[in-house]
Amino acid sequence: MRVLGIDCGTEYTGYGVVDLLSDHRLVCIICGAIKVSPRDPMPTRLSLISIGLQELISLHQPDRVAIEDVFYAANVKSALKLGQVRGVAMLAAASAGLDVAEYSPLSIKSAVVGYGRAEKHQVQQMVTRLLNLEQIPEPADAADALAIAICHLHTAATQERQSEVNREVNRDVNPELKYPPCHPERNSPPRLRGEPRSRRTPTP
């Protein structure tokens with residue numbers, strides 16, 4: 001599975017593409033950030049971010065896109081701008097026919113570090129270790145995007161293992177067997193309390 005993680009921002013939008021190989025190793029395909037000028041009007045910035053993400057999706061063909069669900073903003077104005085960038089990221093993924101998974105910062109840190117209150121540098125160090133990189137990805141937005149992608153891959157792998165367990169449990173269950181075979185000769189369901197007995201047809 002190949003996942004594109006996106007760390008939305010109004011100046012730097014981090015991205016990271018991660019592969020989960022058949023031997024369960026994680027491999028970083030590419031990471032970086034789309035930088036836009038804060039002096040440009042917001043529509044121009046959104047357009048540049050959209051074009052950049054569309055090019056990444058077209059070039060690297062991810063199977064899924066993952067973004068951060070809940071974000072921190074210093075004020076309402078910043079929150080609205082971040083929301084616009086998230087909308088652009090979702091639109092770029094949807095336009096390519098890709099599903100978008102959203103994860104809270106707590107979930108991302110828990111999946112990568114194992115602790116939901118981990119510091120930023122701890123997340124960066126763990127991303128470097130999990131992907132076997134020589135150095136911490138830069139800028140920091142790229143490391144955050146890789147963490148989002150890793151979070152989705154870990155979550156998807158856990159869900160797949162759970163599905164396999166469920167399939168094993170249900171493999172020998174006959175869905176058409178509605179009543180226990182206590183009386184093999186009984187073809188009808190057991191009589192409920194208060195229900196009249198059905199008359200037997202006399203044998204000729």
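**Exercise 1.** Find which residue of β3 is the bridge partner of Thr13, and place this pair in the strands of the predicted model.

*Solution.* In β3, Thr13 has Ile34 as its bridge partner, and the C-alpha atoms of these residues, 21 residues apart along the chain, are separated by 5.1 Å. Thr13 itself belongs to strand β2, where strands are DSSP runs of E with at least two residues, numbered from the N terminus. Strand β2 (residues 12–20) pairs with β3 in the antiparallel sense over 9 bridges, pairing being assigned if DSSP finds at least two bridges between two strands.

Residues are numbered from 1 along each chain as its sequence is written. In this predicted model local features need pLDDT of at least 70 and side-chain atom pairs count only at pLDDT 80 or more, while totals for chains, interfaces and linings use all residues, and side-chain values use heavy atoms, with hydrogens and water left out.

**Exercise 2.** Determine the order of the strands in the sheet, and explain why β3 and β5 each have one side without a neighbour.

*Solution.* The open sheet is formed by 5 strands in the order β3-β2-β1-β4-β5, with mixed pairing. Because β3 (26–35) and β5 (100–103) stand at the edges, each with a single partner strand, one side of each lacks a neighbour in the sheet.

**Exercise 3.** Decide whether Thr13 is buried or exposed, and list its contacts.

*Solution.* Thr13 counts as buried because its relative accessibility is 1%, the limits being under 20% for buried and over 50% for exposed, with partly exposed in between (1.4 Å probe, protein chains only). Leaving aside neighbours within four places in sequence, Thr13 is in contact (heavy atoms within 4.5 Å) with Ile6, Asp7, Cys8, Gly32, Ala33, Ile34, Ile49 and Val85.

Key
Helix = DSSP H or I, 4+ residues; strand = E, 2+ residues; numbered from the N terminus.
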